[in-house]
Amino acid sequence: QVQLVESGGGSVQPGGSLRLSCEVSGRTFRDYGMAWFRQTPGKEREIVAAINWSGGRTSYADSVKGRFTISRANALNTVFLQMNSLKPEDTAVYYCAAAREPWTLPTNARAMAYWGRGSLVTVSS
């Protein structure tokens, strides 16, 4: 059974940093794109960052460019999201997801087949 488990969330002050991790079990996704999404009450789930199968291509939402970095360690079936210079607007539940098809760079939630349960990030003074 495929399972994605996020960790590393928590509460930080504005300007602080967190690193989220997503560990995958049940199968390997080394040939698949991965992505991080976030969601707040009353809003649609939005893509934050995506990475292709090799890690050679990435994409970011405009709101996090220059502050967040997505990376992966395929040998460990793990994807990371390093979040720096956090703002209150970054407060959300963050979800890790794996793409439905291989050899792609995900662009939206419809491209994803497997999801983690989410990890809460709260940014406040």
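**Notes on an all-strand predicted model**

1. Let's start in the middle of things, with strand 4. Of the eight residues in this strand (residues 32–39), seven are buried, so strand 4 is largely enclosed by the rest of the structure. Please keep in mind as you read that this is a predicted model.

2. Which strands pair with strand 4? One partner is strand 9 (residues 92–102), joined to strand 4 in the antiparallel sense over seven bridges. If you want a place to look on screen, find glutamine 39, which stands opposite valine 93 of strand 9.

3. Strand 5 (residues 46–51) is another partner: it runs antiparallel to strand 4, with five bridges between the two. Here methionine 34 of strand 4 stands opposite isoleucine 51 in strand 5. The two strands form a hairpin with six residues between them, and in the turn you will find glycine 42 with a positive phi of about 80 degrees.

4. Now for the C-terminal part of the strand list. Strand 11 (residues 119–123) has side chains that alternate between two faces. Ser119, Val121 and Val123 point to one face and are buried, whereas Leu120 and Thr122 point to the other and are not buried.

5. How does strand 11 connect to other strands? With strand 2 (residues 10–12) it runs parallel, and three bridges join them. With strand 9 it runs antiparallel, again through three bridges. Valine 121 is worth a click: this residue of strand 11 is the bridge partner of glycine 10 and also of alanine 92. Strand 9 thus appears twice in these notes, paired with strand 4 and joined to strand 11.

6. Stepping back to the whole protein, there are eleven strands and zero helices. The radius of gyration is 13 Å, close to the 14 Å that the globule rule gives for 125 residues, so the protein is as compact as a globular protein of that length. The C-alpha trace spans about 40 × 30 × 25 Å along its principal axes.

7. A few totals may help with the overall picture. Buried residues make up 38% of the 125 residues. Among contacts with a separation of 6 or more, 59% come from residues 24 or more positions apart.

8. Finally, the surface and the charges. The accessible surface comes to about 6700 Å², and 47% of that belongs to carbon and sulfur atoms. There are 14 positive and 9 negative side chains, with the centres of the two sets 2 Å apart.

Notes
Residues numbered from 1 in each chain as written. Predicted model: local features only at pLDDT ≥ 70, side-chain atom pairs only at ≥ 80, totals over all residues. Heavy atoms only, no water. Buried < 20%, exposed > 50% of the residue type's maximum accessible area, 1.4 Å probe, protein only. Helix = DSSP H or I, 4+ residues; strand = E, 2+ residues; numbered from the N terminus. Pairing = 2+ DSSP bridges. Rg over C-alpha atoms; globule rule 2.2 N^0.38 Å. Contact = heavy atoms within 4.5 Å. Areas by Shrake-Rupley, 256 points an atom, 1.4 Å probe, with all protein chains shown as cover. Lys, Arg positive; Asp, Glu negative; His and termini not counted. Charge placed at Lys NZ, Arg CZ, Asp CG, Glu CD.
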